[in-house]
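I opened this one with no background and a blank page. These are my notes, in the order I looked things up.

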Amino acid sequence: MTADEVNRAAWQEYGRHHLHRQTELPEVDRIDWAGWGTGPGTELLGQVAGLRVLDLGSGVGRHAAHLVRDHGATVDAIDASATQHQRARARYPNTAGLTLLHGDAVEHLTSAKPYDLIYAVSVFPFVDPEQLVPAVVHGLRPQGRLFFSTLHTSVTGQGPSNEVAARRELIRLTGGVEIPTDMFVLDTPTWTRLLTRAGLIVNDVLTLNYEGEAPVSYRVFSAHRP
């Protein structure tokens, strides 16, 4: 199986797991870029009121709904997992300004009307960046902005690579369930090279470290299309 196939199956199983458990999640009032509630949140995006926004790998759609509800954005939220999309539709069946999409991000970006802003929370490592980054550039209007968070150092202490290749990681769920994924965990120079080669200007790279025993670290990139 390719990395794309492995990851699609992983997130399909992830959604199925939570559908079975009927997992209930609270609404959010900020974007949590790394998942542990610390560091900057939605304010990284700047002003989004009235903007056409794309949430890549939107999952249940809580971040997208937050931007619509609290910040006046119009958001398309796309996820490749049918089970995650099912959860999102059940949660937000009729939210004005929010469009929930089930499909491939790369295909969508190459055919949709360009967006003012695209963001992704912990999603970029699950898609081949050689395909995703050029598609994102195509999907941004001139002066459009991109924000995404990505794993830098895993819970096992393994750091990022300078080669664009996937490596095996695990999603650990309640009940001891482990779902294998193939992730592109790249270092900052490699991500920067991919972004600039595709035509983006990198504005900032933020470091988010877990304030606990685990060595997990994330990077949050902001860039724009000139």
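**Ground rules.** I'm looking at a predicted model, where local features need pLDDT of at least 70, side-chain atom pairs count only at pLDDT 80 or more, and totals for chains, interfaces and linings use all residues. Residues are numbered from 1 along each chain as its sequence is written, and side-chain values use heavy atoms, with hydrogens and water left out.

**Entry 1: a strand in the middle of things.** I began with Asp55, which stands opposite Tyr119 in strand E4. My labels come from DSSP runs numbered from the N terminus: helices are H or I with at least four residues, strands are E with at least two. Asp55 took me to the pairing of strand E1 (residues 52-56) with E4, which is parallel and has four bridges. I call two strands paired if DSSP finds at least two bridges between them.

E4 also pairs with strand E5 (residues 140-153), again in the parallel sense, over five bridges. In that pairing I found Tyr115 opposite Leu140 of E5. Between the two strands I noted helix H5 (residues 129-139): E4, H5 and E5 make a right-handed β-α-β unit. Right-handed here means that, with the strands pointing away from the viewer, the path from the first strand over the helix to the second runs clockwise.

Why do I call E4 (residues 115-120) largely enclosed by the rest of the structure? Because six of its six residues are buried. For me, buried is under 20% relative accessible area, exposed is over 50%, and partly exposed is in between, with a 1.4 Å probe and protein chains only.

**Entry 2: the whole sheet.** In what order do the seven strands of the open sheet run? I read it as E3-E2-E1-E4-E5-E9-E8, with mixed pairing. E3 and E8 are the edge strands, each pairing on one side only. From one strand to the next, the twist averages 15°. I take such angles from 0 to 180 degrees between N-to-C directions, with axes as lines fitted to C-alpha atoms, for helices over the stretch in contact.

At the E3 end, I saw that E2 and E3 pair in the parallel sense over five bridges. Ile78 stands opposite Leu101 in E3.

**Entry 3: helix H2.** H2 packs on the sheet, touching E1, E2, E3 and E4, and its direction makes about 175° with that of E2. Contact, in these notes, is heavy atoms within 4.5 Å. The buried residues of H2 are His63, Ala64, Ala65, His66, Leu67 and Val68. Their cover includes E1, strand E2 (74-79), strand E3 (98-102) and E4.

I picked His63 for a closer look; it lies in H2 (residues 62-71). His63 is buried at a relative accessible area of 17%. Leaving out residues up to four places away in sequence, His63 touches Val28, Arg30, Ile31, Asp32, Asp55, Tyr119 and Val121. Just after H2, Gly72 has a positive phi of about 70°.

**Entry 4: the other end of the sheet.** Is Leu208, in strand E8 (residues 201-209), buried or exposed? Leu208 is buried, with a relative accessible area of 5%. Beyond residues up to four places away in sequence, Leu208 touches several others, among them Trp33, Trp36, Pro40, Tyr218 and Val220. The C-alpha atoms of Leu208 and Thr150 are 10.0 Å apart, with their positions 58 residues apart along the chain.

I then moved to Ser222 in strand E9 (residues 217-224). Ser222 has 12% relative accessibility, so I count it as buried. Its contacts, not counting residues up to four places away in sequence, are Leu146, Phe147, Ile201, Val202, Asn203 and Asp204.

**Entry 5: helix H1.** Glu5 sits in H1 (residues 3-21) and is partly exposed, with a relative accessible area of 39%. Its C-alpha atom and that of Gly159 are separated by 24 Å, although the two are 154 residues apart along the chain.

How do H1 and helix H3 (residues 82-91) cross? Their axes come within 6 Å and cross at roughly 40°. That makes H1 oblique to H3; under 35 degrees would be roughly parallel, over 145 roughly antiparallel, 65 to 115 roughly perpendicular, and the rest is oblique. On the H1 side I listed residues including Trp11, Tyr14 and Leu19, and on the H3 side residues including Ala82 and Arg87.
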